[in-house]
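Student: I am new to this model and would like a close look at one part of it. Could you walk me through it slowly and explain each term as you go?

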Amino acid sequence: MEMLHYDFMQRAFCAGILAAPLASVLGVYLMLRRQALMADTLSHVSLAGVAIGAVLHLNPPFTGSIVAILGGAAIEVVRRSFRAYSEMSIAIIMIGGLSTAVVLMSMNQSINKGFSAYLFGSVVAVNNDQLRMMLAVAAVTAVYFYFLRRPLYQITFDEETARTNGLPVKWISLSFSVLTGMIVSAAMPVVGVLLVSSLIILPAALAIRLAPSFAAAVGLAMVIGVTGVCSGLTASYKLSTPPGGTIALVLLAMLLLGLLLKKAAVQLGKARSRKQGELVKESVFQAETALFGERREFITKSGGSS
């Protein structure tokens with residue numbers, strides 16, 4: 001393909017193929033843990049890190065990643081302080097991160113000009129350093145889920161039972177929150193702060209609706225994520241549209257189409273069941289009618305012979 005002749009498009013596809021599976025797998029766990037807004041919160045919190053890096057003349061993507069990771073840990077700490085209102089932790093951390101970013105941005109007006117790339121993503125501007133960071137996050141994530149997949153599965157569905165079984169729920173949840181911050185920071189260059197939750201939540205939402213099991217949902221979410229990113233990048237190149245927004249729209253279209261096909265399949269299955277039920281009733285009726293006729297004929301013959 002023509003677009004793959006360009007180095008920036010090659011890096012864009014590499015970044016998308018690295019980030020999409022990570023974000024999709026994370027989304028399955030977040031949705032089942034009722035923490036879907038956590039990714040959106042950490043992406044907004046990372047803005048404070050980007051602003052800190054810009055003010056202190058450091059590497060903004062690096063400082064944004066550090067703050068996102070710290071934000072993930074902070075969410076877990078605050079969540080345990082408000083056990084009865086766990087969603088409050090997300091709101092508290094988001095408010096703190098956004099307010100810090102706004103204040104720091106107001107201190108240096110020149111920062112605002114470069115923030116659009118962080119807000120909406122600039123996957124075609126991904127450099128080799130960011131690719132290496134994504135690769136490192138992918139390696140850490142693969143090792144993490146390989147060794148902790150069973151404990152995470154138990155904690156995801158029943159935290160109290162997992163604690164009763166002797167699992168270190170507190171530390172596993174804290175490490176999961178930190179990993180969430182890492183994955184969010186790795187996915188931000190692809191779709192940006194404002195749309196990073198689309199890369200995490202939309203493939204997982206569709207996979208959970210279609211897959212018959214947890215393992216199938218994880219695998220299907222990865223396939224959907226990679227397909228959506230590659231299709232979005234291709235459409236973005238052909239239509240000259242922003243990559244982040246195009247990827248999000250493609251994933252949203254895939255979700256809506258998948259839900260419609262699922263609903264159509266359910267309705268078709270119900271129609272087939274009703275038709276089979278009617279055929280069974282008809283066959284039973286015919287059998288009973290034939291049996292009644294035979295009995296009547298037998299009774300008539302018996303009466304005539306007597």
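Student: Where does R34 lie?

Tutor: R34 lies in the loop between helix α1 and helix α2, the latter spanning 37–55. Before we look closer, please keep in mind that this is a predicted model, in which local features need pLDDT of at least 70 and side-chain atom pairs count only at pLDDT 80 or more, while totals for chains, interfaces and linings use all residues. Residues are numbered from 1 along each chain as its sequence is written, and side-chain values use heavy atoms, with hydrogens and water left out.

Let's begin with R34 itself. Its phi is near 60 degrees, a positive value in a residue other than glycine. R34 counts as exposed because its relative accessibility is 72% (buried is under 20% relative accessible area, exposed over 50%, and partly exposed in between, using a 1.4 Å probe and protein chains only).

Now the setting. The protein has twelve helices and zero strands, where helices (H or I, at least four residues) and strands (E, at least two) are DSSP runs numbered from the N terminus. Read from the N terminus on, the elements run α-α-α-α-α-α-α-α-α-α-α-α. Of the 306 residues in the protein, 42% count as buried. Among its contacts (heavy atoms within 4.5 Å) with a separation of 6 or more, 74% are between residues 24 or more positions apart.

On one side of the R34 loop is α1, residues 7–32, which packs with α10, residues 196–210. Two packed helices are described by the angle between their axes and the distance between the axes. For α1 and α10, the angle is about 65 degrees and the axes are 7 Å apart. Here the axes are lines fitted to C-alpha atoms, for helices over the stretch in contact, and angles run from 0 to 180 degrees between N-to-C directions. The two helices, α1 and α10, are therefore roughly perpendicular to each other (under 35 degrees counts as roughly parallel, over 145 as roughly antiparallel, 65 to 115 as roughly perpendicular, and the rest as oblique). Their crossing is right-handed: a crossing is left-handed if the near helix is turned anticlockwise from the far one by less than a right angle, and right-handed if clockwise.

Which residues make this contact? From α1 come A20, A23, S24, L26, G27, V28, L30, M31 and L32, and they meet L199, I200, I201, P203, A204, A205 and I208 of α10. Sorted by class, the contact of α1 with α10 has 14 nonpolar, two polar and no charged residues. In this sorting, Ala, Val, Leu, Ile, Met, Phe, Trp, Tyr, Cys and Pro are nonpolar, Asp, Glu, Lys and Arg are charged, and the others, Gly among them, are polar.

Helix α10 also meets α9, residues 169–191: their axes come within 7 Å and cross at roughly 105 degrees. So α9 and α10 are roughly perpendicular to each other as well. In α9, the residues V184, A187, M188, V190 and V191 meet V196, L199 and I200 in α10. This contact of α9 with α10 divides into eight nonpolar, no polar and no charged residues.

On the other side of the loop, T41 sits in helix α2. T41 is buried because its relative accessible area is 0%. Leaving aside residues up to four places away in sequence, T41 touches I75, I90, I93 and M94.

For comparison, look at another loop, the one between α11 (214–239) and α12 (243–305), where S240 is found. S240 has phi near 55 degrees, again a positive value in a residue other than glycine. With a relative accessible area of 66%, S240 is exposed. In helix α11 we find S236, which counts as buried at 8% relative accessibility. Not counting residues up to four places away in sequence, S236 touches T241, P242, P243 and T246. P243 belongs to helix α12 and is buried, with a relative accessible area of 13%. P243 and L233 are ten residues apart in sequence, and their C-alpha atoms are 5.9 Å apart in space.

Finally, a word on cysteines. The structure holds zero disulfides, a disulfide being a pair of cysteine sulfur atoms within 2.5 Å. The closest cysteine sulfur to that of C230 belongs to C14, and at 9.9 Å it is too far for a bond. C14 counts as partly exposed, at 42% relative accessibility.
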